[in-house]
Amino acid sequence: MAQRKYGDDFKLGDVYTTARITVTETHVVNWAGLTGDFYPLHMDRVYAEATSFGERLAHGPMIFALAVGLVAQAGFGEDAVIAWLGANDMRMKAPVRIGDTITVVVEVKNQKSTRDPRRGVQTWGYCVKNQRGEEVMAFDYTMMFHMRVSR
């Protein structure tokens, strides 16, 4: 099968926006069951109502996972991506409540070559926003890409 996309197709400053997803009770319960994170702020309504948030919140790592999933579903990278290399400078900027709807704005922030000209490394900045356009999470996501080789 022929390669459809390459890292060369992405330029510094390119911006992409994903579809949206509404964070549901089911997401929160399934995430807790999957990870074992039953912290009361996420799982205990009475506890959460007594906090400064006044209600249960979504797990921060779950928002990271949903953001990665939204970008994957959008298909921006298609078959250009070889591997995920890591995430840096992750910050939760605002709470995500059950019922909030999130989207991800991605910007190509950095590109560098490797010793192998068929591979390159890029860092994409992920900005997760809620339905009011407020930034709720931000992080840099670094991946290795297939690159075109000039002949």
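Student: Which residues of helix 1 are buried?
Tutor: This is a predicted model, and here helix 1 covers residues 25–35. Buried means under 20% relative accessible area. In helix 1 the buried residues are V28, W31 and A32.

Student: How wide an arc do they cover around the axis of helix 1?
Tutor: V28, W31 and A32 are the buried residues of helix 1. They sit on the same side of the helix, because the arc they cover around the axis is only 100 degrees.

Student: Which residues are exposed on the other side of helix 1?
Tutor: For this we look away from the buried residues V28, W31 and A32. Exposed means over 50% relative accessible area. On that other side, the exposed ones are T26, G33 and L34.

Student: What do the buried residues of helix 1 pack against?
Tutor: Those residues are V28, W31 and A32. Their packing partners are two other helices, one at 40–43 and one at 60–74. By name, they are helix 2 and helix 4.

Student: Which residue just after helix 1 takes a positive phi?
Tutor: Helix 1 takes in residues 25–35, so we want what comes just after it, where phi is about 80 degrees. That residue is G36.

Student: Where does E78 lie?
Tutor: E78 catches the eye with a positive phi of about 40 degrees, although it is not a glycine. Most residues other than glycine have a negative phi. With a relative accessible area of 40%, E78 is partly exposed. As for its place, E78 is in the loop between helix 4 and strand 3.

Student: Is D89 buried or exposed?
Tutor: D89 is found in strand 3. Its phi is positive too, near 55 degrees, in a residue other than glycine. The cut-off for exposed is over 50%. D89 has 54% relative accessibility, so it counts as exposed.

Student: How many of the 11 residues of strand 5 are buried?
Tutor: Strand 5 runs over residues 119–129. It is largely enclosed by the rest of the structure, because the number of buried residues there is nine.

Student: Which residue in strand 5 stands opposite V105?
Tutor: Strand 4, residues 101–113, runs antiparallel to strand 5, and 10 bridges join the two. They form a hairpin with five residues between them. Opposite V105 in strand 5 stands C127.

Student: What is the bridge partner of T123 in strand 6?
Tutor: Strand 6 covers residues 135–146 and pairs with strand 5 in the antiparallel sense, over 11 bridges. Within that pairing, the partner of T123 is T142.

Student: Which residue takes a positive phi in the hairpin of strand 5 and strand 6?
Tutor: This hairpin has five residues between its strands. The phi in question is near 80 degrees, and the residue is G133.

Student: What pattern does the protein follow along the sequence?
Tutor: Its secondary structure comes to four helices and six strands. Read along the sequence, the pattern is β-β-α-α-α-α-β-β-β-β.

Student: What percentage of the residues in the protein are buried?
Tutor: The C-alpha trace spans about 65 × 30 × 25 Å along its principal axes. Accessible surface comes to about 8600 Å², with 52% of it belonging to carbon and sulfur atoms. Of the 151 residues, the buried share is 37%.

Technical notes:
Residues numbered from 1 in each chain as written. Predicted model: local features only at pLDDT ≥ 70, side-chain atom pairs only at ≥ 80, totals over all residues. Heavy atoms only, no water. Buried < 20%, exposed > 50% of the residue type's maximum accessible area, 1.4 Å probe, protein only. Pairing = 2+ DSSP bridges. Areas by Shrake-Rupley, 256 points an atom, 1.4 Å probe, with all protein chains shown as cover. Arc of directions from axis to C-beta. Contact = heavy atoms within 4.5 Å.
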